[in-house]
Each structure stands twice: as structure tokens, then as C-alpha cells.
Amino acid sequence: MSTDELIWDVKKDRVLRELKKGKRLDGRKKMESRKVEITPGFLGRAEGSAMVKLGNTRVVAGAKLGIGTPYPDSPEDGVLITSIELSPVASPMFETGPPRGKTVEAARVIDRGIRESNMVKTEELCIEPGEKIWTVFVDIFPMDHDGNIIDASAIAAVAALKNAKIPKYEDEKIIRDEFQGKLPTRDTPVAKTFAKIGDEIVLDPEIYEEKSKDARLTVYINDKDNVCASQKGGSGAFKREEVNKLIKEAVKKAPETRKQIEEL
Amino acid sequence: MKKIVIPGEKIEEKANGETYREKKGKKTEKRSKRYGMLYKNNGRGKIIPMKTKYIPQKRDKIIGVVSSVKYGGYVVDLNSPYDAFLSTDEADDEYKLKDLISIEIGDVDEVKDTSLRNGRKFYGGNMIEINPAVTERVIGKNASMISMIKEKTGSKIFVGANGRIWIKGGDSRKTEKAIEKIEEQAHETGLTEKIKKYLEQGSD
Amino acid sequence: MAKKTKKLMKKGKRLDGRKPDEMRPIKIKAGYVKRADGSAYIEWGGNKVVASVHGPRTCYPRHERSPYKARIQFKYKLAPFSVDDRANPAPSRRDKEISKVSSEALEKAVFTEYYPKTTIDIYATVIEAAAGTRVAALSAASVALADAGIPMRDLVPACATGKIEDTVVLDLNKDEDQEGQADLPVAYLPHNDEITLMQMDGDLTPEEYEEALDLAVDGCMKVYEEQKRALRERYEHIEQETEEE
């Protein structure tokens, strides 16, 4: 065990001890989330953007549009690509370098909920069938990792897409400062992440809880109160009753976050 | 008197080692090396950095975490970019990985190779980590602050110079919160009063 | 450099209304990232940059470790959404060059001999770019280092000057940078009157170069004031004249 991991292990013992007494280090209840603050349109050179603070965790997401070619099996649909950079700016635990498993997983989990809820009307992003479509790049940049980057990123990505505009496209050129309307979207998928520490489960883990976790469950809820994506992470395990309970909890908690995003 | 100082800022007062000298033409200027608070009393000054990393210094009493058990001794994490070695004859017991111990820093050479002395194991309790620059405030002048906290919460407290604090028993949650408040408000005036009020009322 | 002949000046004023020696608005916030040892956030013209410092911490790989001093490693990056055409997330050659010269710009300022065998890592990411990103990143990084409690000789302000329509100007904006005749970013140690970063491209006579360099130093002094203000801001209300305790 490296020294860093060892020190986290010392802190983990503490987290677990307090949880057994029903207490979280920051005083929250087990299924209580931290406060969410959303600032839409934060970035001037992205077609859509949002900065999100989830407690002290801070994430910024930018949506950029470019001209691309469609996938061969969907010649009249635009393309959505979600990426995340787990940059050392946000945490001493992150390293520079090409994306590794953790980064790719995070990006794909966040993407999954957006894609499976059909939030972006990709059918309306066709310029020339089979030839030209709009590619929507959602790039997520966490700036302060105090736990649960996934939920904060999901909110930021969805909010960025919701305020995104399509740039004017004339004579085969994109005119960046002029727009031809909003990016067509529907619905607002919301992610809820739980961490299992020993036998205890908490919603919206902050950094010490996240580092102490044995397993993580992210559940994405769509506007119909159905699960549109889920991902289990970490080397521990969940019992079936736990999973079912957590899904119901996510359904209960999603509407409040959805409302916050939609009211922007 | 207290004044914010910025690295490179000229310091007129007599101050402790957080300054350096630079020749400017025929004169030498004394300047601050740190972002900190300059306290001046009776013509003598002291700069306390706003934040610092712990660098081992001889005779410091600190809290370490056993990070490796070796033949003949232990590698100890000091909450510092530097680890140190404690030989078994300086340990008061047989230690295991993750054990919390209080130790004294022995010799530190130019490349920061550090020897340790007088290991004593902590049993039970919790450890928290704060900014090492403010441990003096947690102790207070003539231990006034820490005595007050101990008295009002009934906790056993050990403050390591490396920013690690061991707390056991009493109203340990309150003790922790009080120490967190001291860390946030380290340079404010009337801090002792504020903390006293918090401990008595549970709010401030 | 100048492809189109776009008019950049009108009656002695620049298109954005500034005089030749006027800087764009600049604001720095010290201590922006809770989970970093030190950090700063800067908004300058249209630039938005966040800088985090981790360290001093143990230096890996071992062969980069010096027994005498800390290694300073500055990594500059443009976020994909910071520019008009979405940028590739991988560091470009430009990013790598800027990282190297910026690390060198900071070395002289830091008392690296205090922390042998360690590394002080500074990460600056531009989340919105509007010309002058490297000087914005460096100016923020300098505040982040002070915020981390790292002992330094001085803060390191940085600023760029250039030439547009045969006039030497301070702090180029996006159009001026693209259409102008020269670009000169500079980093400066105020108390020693020393230049620790300087790059130039374009076309300047030796006299124009001298003028541009002097103007860049003036600009650096303005940035320096903002750096100091940002560091003072959090604790100003605590300062006191009288002696106590």
C-alpha cells in the first residue's frame, strides 16, 4: 500500500466508525445530498456551458458544435460525444496523461444517461443526409474534487446542452458569433450516485466517503421516473435488495434536481 | 499590530526567519519570503505563513502514522513530503501498519533524511489534520487555548507540530469543530473569546 | 502574421476603445480550489484560467529527483471548449513549449533549495481563451504558489505587448493577436527588475523591441498590483494598527 493510500485508510476507519453511529462527517443524513449551485452560460467560447457546485465539488462543462460525418447506420442523425478530463487541477490524486480506465468509465457513465434518455434530438441535427451533420462535443472539466464528480458532471453536461445554441452555417463555414436557434433537446435526465462503505450506504459521497467506499452505484432517472442508465463501480458488491432500494431512492430524489436544472 | 505580507514585500521590522536579504545597490533590503501575517509586539516581529507544508525540524513533537514495518524499525509518515525512520529501540511497543504514534524529531540532515526518537503509541481516539501553520494557535499562549478546550469538552488532546491532532473522549465532535474554527479564523482578533463562546453555547 | 488588412485602430484608439497603453480588465481570486495546496482563478480580458498547486510533494520518477532542491513543474493546457474550434484534449506542441518556459519563469522566484527531493507541481488550464493565455496562466500560477505557502523571492507577474498598425500596444486582444504585426509575452520579477520569460514573434525594429519590452514591464507592474490585491483581499479586514495580546 502506498503511503497515500495508507493515510486514506486511516481516514476510512473513521468514516465507517461514525457511519455506524448514523453520522456522516459533514453532519448530513445518509440520503441527503449537498447543495447544488448551477451557473449557466459560464463560458464565452462554448456554444453551451454550465458551472456546477455540488457542495465544494466544482465542475464546468462546455458544449461545442462542429461539422462532422454521420455514423453509417444513422445517416441522418447528429453525433454526440461526451468526454471528461480528470485533471490534476481538481485533485492531487489525478495525474496528467492519456485517459485511463477511471476517466473513460466516468465519461461513458455520464454519456450513457444523456444518450439513453434521448435528451438531444439528434434527428434534427442533419445538414446533408449521409454527408454532413452537426457533432455535439460535451467536454467536462472538474475543477475541485471534493467527492462525487459524476453527479456534478451529469448536471453540468445536461445544463450545458440545454442552453446550447447552433451556430450559423453558411457557404460551408461556421460563423461562430451568430446562431440559428437552440440545440433541440427534450427531457432532463438526472444522475444519483450512492457509495457503499462497509454495510452502510450514503447518497452523494463527499471525498472522504468516496475514498472509503467499497462500491458505488450511479442511477440515471429520466422524466418518466424510469431508470435509463445505471453503473456499478468499485471492487465491492451490492445485494439485490440494496439495489432496488437505491433505485427507489433515486426516483424520489431526482425531481428536485431536475426542477433546478429546468428552472435555469 | 498585524499586517498581511506578500512574498517580496519589504519588511522594516525585526522579524523571524521568514525573511531574506537582497542587495539593492549599496543597501540591503529585507523582504518577506512568505504569504503570511506579520505580528509585531514591542518592536519584535514574527511572520506566520497563511499555510505551510510540514518540514521536519529537530525536537518537534509530532504525530506519525506507521507506513511500513521493516526489520529493525518502522517507516513513519509525517504528513510531510519527507518520511522518517524509527528504530525498534525507540518504539515503546511493537507497532503495526497504520498505528498512530507520537514521536520526537531527532536529527535532520541537508537532504532531509530524518531520524525519530521516543515513539509512543496512541490507543483509540481519532486523528484530524489541519494546516501546520496554525498549530500554535490551537495551543495558544502558555497553552491557554488548548487548556480551555480540554476543560470545556473533557477531551484528551495531543497537538503535533506537523498539523496532526489526536482527540479522544469527551465531546470529541465539539473539540474537532472548535479546532476547525481555529484553523479558519486563525488570525482574527479575539479568537480565544470566540472559541470560548462556541464551546459554551455550541454556536458562535 | 497579417493576412487580411483589417483596420485595428481608429483615431489613435483600438477597436475595443482602449488607448495603446491600456490593459483589459483583470481580476484574480486567490484560493479557488479547496482540494489543492494552493490555487488561483483569473479573468483577464476574455481569458478565464484556473491554476492549482500541489506540493512540495515527493518527486517521482526518482531520476528527476534532485538532492539539492525542489523541481518546479508547470503544466499549461487549453480545455477543449476554450477556443472556437473544439481543441483536441491531448496537449499540443504549443502547450508543451509554454509549459517548459513557464516552469523556467517561476524557478528563479521560488526558494527551491528549501525542499530537496520534492516536486512542486503547478497545473493551469485555460477554460476560455482570448489572447494572452500564457501570461494569464503564469500570473495566476504565481498567486497559487503564494497561496500554497511556498517561500518565494517575489511574485511573478506576466503581460504581453505587441505591434498593430506600426504602433506598440499593451495587452493584445484576440483580433490584434491574429492580425497584428508582433507579439511579445513577458514575465517579470519586480523587486529585482529581472525578466524570467520572454518570447517574441513578428517584426520589430530594435527600437520598437525596446519600447515593447518597457511597455510589457509596465503592464507586469499593473498585474502585480492585482496579484497583491487578490492575496490581501481575504484577510484585509483582520489587519490592525494597534498592538494587542
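## Exercises on a predicted three-chain model

Eight bridges join S6(C) to strand S7 (residues 118-128) of chain C, and the two run parallel. Strands (E, at least two residues) and helices (H or I, at least four) are DSSP runs, numbered from the N terminus. Two strands pair if DSSP finds at least two bridges between them.

This is a predicted model: local features need pLDDT of at least 70, side-chain atom pairs count only at pLDDT 80 or more, and totals for chains, interfaces and linings use all residues. Residues are numbered from 1 along each chain as its sequence is written, while chains are lettered from A and ligands numbered from 1 in the order in which they are written.

**Exercise 1. Work out the strand order of the five-stranded open sheet in chain C, and find its edges.**

Step 1. Recall the general rule: strands of a sheet pair through backbone hydrogen bonds, either parallel or antiparallel.

Step 2. Read off the order. It is S3-S4-S5-S7-S6 (chain C), with mixed pairing.

Step 3. Find the edges. Strand S3 (26-30) and strand S6 (71-78) of chain C each have a single partner strand, so one side of each lacks a neighbour in the sheet.

Step 4. Check the turn. Neighbouring strands of this sheet are turned by 15° against each other on average, direction ignored. Axes are lines fitted to C-alpha atoms, for helices over the stretch in contact, and angles run from 0 to 180 degrees between N-to-C directions.

Step 5. Pick a residue pair. Phe74(C) stands opposite Ile122(C) in S7(C).

Step 6. Add the helix. Helix H2 (residues 133-147) of chain C packs on the sheet and touches S3, strand S4 (38-44), strand S5 (47-58), S6 and S7 of chain C. The direction of H2 makes about 150° with that of S4(C). Contact between two residues requires C-beta atoms, placed from the backbone, within 7 Å.

**Exercise 2. Describe the overall build of chain C, then of chain A.**

Step 1. Count elements. Chain C comes to four helices and twelve strands.

Step 2. Test compactness. The radius of gyration of chain C is 19 Å, close to the 18 Å that the globule rule gives for 245 residues, so chain C is as compact as a globular protein of that length. The radius is taken over C-alpha atoms, and the rule is 2.2 Å times the number of residues to the power 0.38.

Step 3. Look inside. Buried residues make up 54% of chain C. A residue is buried if 20 or more other C-beta atoms, placed from the backbone, lie within 10 Å of its own.

Step 4. Turn to chain A. Chain A has five helices and twelve strands. Its radius of gyration is 19 Å, close to the 18 Å of the globule rule for 264 residues, so chain A is as compact as a globular protein of that length. Buried residues make up 46% of chain A.

**Exercise 3. Characterise the side of chain B that touches chain C.**

Step 1. Size the interface. 27 residues of chain B are in contact with 31 residues of chain C.

Step 2. Locate the strands. Strand S1 (2-5) and strand S4 (36-41) of chain B each supply at least two residues of that side.

Step 3. Sort the residues. Eleven are nonpolar, five polar and eleven charged. Ala, Val, Leu, Ile, Met, Phe, Trp, Tyr, Cys and Pro count as nonpolar, Asp, Glu, Lys and Arg as charged, and the others, Gly among them, as polar.

Conventions. A residue is buried if 20 or more other C-beta atoms lie within 10 Å of its own, exposed if 12 or fewer, and partly exposed in between; C-beta atoms are placed from the backbone.
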